[in-house]
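This report follows a few side-chain contacts and one enclosed space through a single model, as a companion to viewing the structure itself.

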Amino acid sequence: MKAVVIGQSGQLAQNLARLSGQCLASGRVPELTCLGRGHCDLLQPETVARVIAEASADLVINAAAYTAVDKAESEQAACTALNRTGVAALAQACARKGVPLIHVSTDMVFDGHKSGDYVETDPVAPLSHYGRTKADGEAAVRAALVDHLIVRVSWVYSPFGENFLTAMMRLASTRDALSVVSDQIGHPTYGPDLAVSLLTMGEALLAGRGQAGTYHVAGDETAISRYQQAAETLRLAAELEVPLKAALSPVLTRDFPTPAVRPLNAALNSQKAKDVFGVRVRGWSEMAQTAVRGLVAEQRSEQA
């Protein structure tokens, strides 16, 4: 399978790039080409059309997005251009080429008012400009081509890239005190498992197995809070003798206002993706130690 990944430096693109040339569970070895903005810029639809038209790819995976959630409230035009207009151009280019598209979306298309995990058929009701543009991007993909997978993800973390795990480690090493919200819950999603899941789903779609449409892929475990995730991250880092200064304390979202409103409940139900494609993302308690060890190893390697 040859796949073009839109995105290169982001967390998900890096996770996907590390799978190129590796044997998947199916026995197949994917060939992945990750394209940064210098080669395929969603802000320039003409470059998108040209790249997709000229690519000899079986599949396109969109791992690019405007993800600065708070900054999006003051940079709405830039966020809209990338997450809605650019995605529409990409989907249209894939339709003209006749190549399937996997588009990665977010739990932030929901308002967080539901008492249980969100399923794919729940109505979207984003609270932030970022969430609205991601919902619009989903709609643009559905309108442009039939052969698509919209994959909503939640709280993705990895030993590299910008994510909650790396942010907590960075902040805890430079601050004396650190407050983390305790009433926002979700399923932390291990980036390497997510990358494998996307390729597995893409393979199945190309082989005529499974169905196009919208899916949730998130950590397979009971939802936890951001504070719980942060506390375990710092505990594991301390076991590895990482020098941390910050004392961690919980805070309620209402007492910690941010420019963008986030859903209190960001928990996604991934049963549909399991049933249709057989994918599974291991839960936070299972992968936390692996992720923290990997991050510490990355940091020490850079410092050596």
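In this predicted model, Phe-277 has a relative accessible area of 10%, under the 20% limit, and therefore counts as buried. Its ring forms an aromatic pair with that of Tyr-215, with 5.0 Å from centre to centre and 70° between the planes, an edge-to-face arrangement. Because Tyr-215 lies in strand E10 (residues 213-216) and Phe-277 in helix H8 (residues 271-277), the pair ties together parts that are 62 residues apart in sequence. Tyr-215 is buried as well, with a relative accessible area of 0%.

A search of the whole structure finds 4 aromatic pairs. Another of them joins Tyr-157 and Trp-284, whose ring centres are 5.0 Å apart and whose planes meet at 80°, so that this pair too is edge-to-face. Since Tyr-157 belongs to strand E6 (residues 156-157) and Trp-284 to helix H9 (residues 284-303), the contact ties together parts that are 127 residues apart in sequence. Both Tyr-157 and Trp-284 are buried, and ring pairs link these two residues with Tyr-190 into a cluster.

Aromatic rings also meet charged side chains. The charged end of Arg-18 sits over the ring of Phe-160, at 3.8 Å from the ring centre, while Arg-226 lies over the face of Trp-155, 3.8 Å from the centre of that ring. Trp-155, in the loop between strand E5 (148-153) and E6, is not a glycine but has a positive phi of about 50°, and its relative accessible area of 11% makes it buried. Glu-241 likewise has a positive phi, of about 60°, without being a glycine; this residue lies in the loop between helix H7 (226-239) and strand E13 (247-251), and at a relative accessible area of 70% it is exposed.

Side chains of opposite charge can pair when their charged atoms come close. The search of the whole structure finds 14 salt bridges, and the table gives some examples.

| Salt bridge | Closest N to O distance |
|---|---|
| Arg-142 and Glu-138 | 2.9 Å |
| Asp-193 and Arg-282 | 2.8 Å |
| Arg-235 and Glu-239 | 2.6 Å |

Arg-142 and Glu-138 both belong to helix H4 (residues 129-144), where they are 4 residues apart, about one turn of the helix. Arg-142 is partly exposed, with a relative accessible area of 38%, whereas Glu-138, at 1% relative accessibility, counts as buried. Arg-235 and Glu-239 are 4 residues apart in helix H7, so about one helical turn separates them, and Arg-235 is partly exposed at 40% relative accessibility. The bridge between Asp-193 and Arg-282 links distant parts of the chain, with Asp-193 in helix H6 (residues 191-206) and Arg-282 in strand E14 (residues 281-282), 89 residues apart. Here Asp-193 is buried at 9% relative accessibility, and Arg-282 is partly exposed at 29%.

Which residues are linked in a network of salt bridges? They are Asp-220, Lys-274, Arg-280 and Glu-286. Among the residues that line the largest cavity are Asp-220, Lys-274 and Arg-280, together with others including Val-217, Ala-218 and Ser-270. By class, this lining has 5 nonpolar, 1 polar and 3 charged residues. The structure holds 1 cavity of 30 Å³ or more, and about 40 Å³ of space lies in the largest cavity.

How values were computed. Residues numbered from 1 in each chain as written. Heavy atoms only, no water. 1 Å grid on protein atoms, 1.4 Å probe; cavity = no way out; pocket = protein on both sides within 12 Å on 5 of 7 lines; lining within 4 Å. Points joined across faces, edges and corners; volume = space filled by probe spheres on them. Nonpolar A, V, L, I, M, F, W, Y, C, P; charged D, E, K, R; others polar. Phe/Tyr/Trp six-rings, centres within 6.5 Å; stacked < 30°, edge-to-face > 60°. Helix = DSSP H or I, 4+ residues; strand = E, 2+ residues; numbered from the N terminus. Buried < 20%, exposed > 50% of the residue type's maximum accessible area, 1.4 Å probe, protein only. Lys NZ or Arg CZ within 6 Å of the ring centre and 35° of its normal. Salt bridge = Lys/Arg side-chain N within 4 Å of Asp/Glu carboxyl O.
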